[in-house]
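Visitor: I should like to learn how the features of a structural model are read. Please take me through them in order.

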Amino acid sequence: MFEPVSSRVNFPQNEEKQLEFWKQNQIFEKSVKNREGKPRFVLYEGPPTANGNPGIHHVLARAYKDIITRYKVMKGYYAPRIAGWDTHGLPVELEVEKQLGFSGKSQIEAYGVQQFNAKCRDSVLNI
């Protein structure tokens, strides 16, 4: 009736098989799509700063964000995952001001807002 179960389980290999099954069958995408039209729950996520490197302490925050969103999905909410990478611009500007030796808005305007914005984009893309 039941097949024998080996005492030598390869958990990493089992996880890889499960992940491949989810990928091939688009299980995650279906789990989100199947709840469209239900009450919406969004937990925006993003880095502490757009130009900051993640630290080990961010793992806990990511775990909570994942747990909370999964819980809401299990409770029937439509919970699309939406990254909030564009919500942390001020630390980028402050870092670029420091790099350029600026201490205020008037120096940025004299330098050129477009040039300053380009420098900010470079700062974020070059981490």
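Visitor: Among contacts in the protein chain between residues at least 6 apart in sequence, what percentage join residues at least 24 apart?

Guide: Contact means heavy atoms within 4.5 Å. In the protein chain, 69% of the contacts between residues at least 6 apart in sequence join residues at least 24 apart. Please note that this is a predicted model, in which local features need pLDDT of at least 70 and side-chain atom pairs count only at pLDDT 80 or more, while totals for chains, interfaces and linings use all residues. Residues are numbered from 1 along each chain as its sequence is written, and side-chain values use heavy atoms, with hydrogens and water left out.

Visitor: How many helices and strands are there in the protein chain?

Guide: Helices (H or I, at least four residues) and strands (E, at least two) are DSSP runs, numbered from the N terminus. The protein chain has six helices and zero strands, so its elements run α-α-α-α-α-α from the N terminus on.

Visitor: What share of the 127 residues in the protein chain is buried?

Guide: Buried means under 20% relative accessible area, exposed means over 50%, and partly exposed lies in between (1.4 Å probe, protein chains only). Of the 127 residues in the protein chain, 18% are buried. Accessible areas come from the Shrake-Rupley method with a 1.4 Å probe; for residues, only the protein chains shown count as cover. The accessible surface of the protein chain is about 10500 Å², and 56% of that belongs to carbon and sulfur atoms.

Visitor: How should one read the two sides of a helix, and which residues in H3 are buried?

Guide: An α-helix has 3.6 residues a turn, so residues three or four places apart point the same way. In H3, the buried residues are His58, Thr69 and Val73. They cover an arc of only 45 degrees around the axis and therefore lie on the same side of H3; the arc is that of the directions from the helix axis to the C-beta atoms. Ile67 and Met74, on the other side of H3, are exposed.

Visitor: Which residues does Thr69 touch, not counting residues up to four places away in sequence?

Guide: Thr69, in helix H3 (residues 58–74), has a relative accessible area of 8% and is therefore buried. With those sequence neighbours left out, Thr69 touches Phe41, Leu43, Ala79 and Arg81.

Visitor: Which residues make the nonpolar surface patch?

Guide: Patches are made of residues with over 30% relative accessible area and no salt bridge: like charges are joined within 9 Å, nonpolar side chains (Val, Leu, Ile, Met, Phe, Trp, Tyr) within 5 Å. Here Leu60, Tyr64, Ile67 and Ile68 make a nonpolar patch of about 410 Å². Leu60 is a residue of helix H3.

Visitor: What span should the twelve residues of helix H4 have at 1.5 Å a residue?

Guide: The expected span of a helix is 1.5 Å times one less than its number of residues. For helix H4 (residues 89–100) this gives 16 Å, and the end C-alpha atoms are 17 Å apart, which agrees. Val92, Val96 and Glu97 are buried in H4. Because they cover an arc of only 135 degrees around the axis, they lie on the same side of H4. On the other side of H4, Leu90 and Lys98 are exposed.

Visitor: What covers the buried residues of H4?

Guide: The cover includes helix H5 (105–111) and helix H6 (113–125). Val92, at 4% relative accessibility, counts as buried. The C-alpha atoms of Val92 and Cys120 are 6.2 Å apart, although 28 residues separate the two along the chain.

Visitor: How many salt bridges does a search of the whole structure find?

Guide: Side chains of opposite charge can pair when their charged atoms come close. A salt bridge is a side-chain nitrogen of Lys or Arg within 4 Å of a carboxyl oxygen of Asp or Glu. The search finds three. In one of them, Arg70 pairs with Asp66, with the closest N and O atoms 2.8 Å apart; both lie in helix H3, four residues apart, about one turn of the helix. Glu109 and Lys105 form another, at 3.9 Å between the closest N and O atoms. Glu36 and Lys33 also meet in a salt bridge (3.7 Å, N to O).
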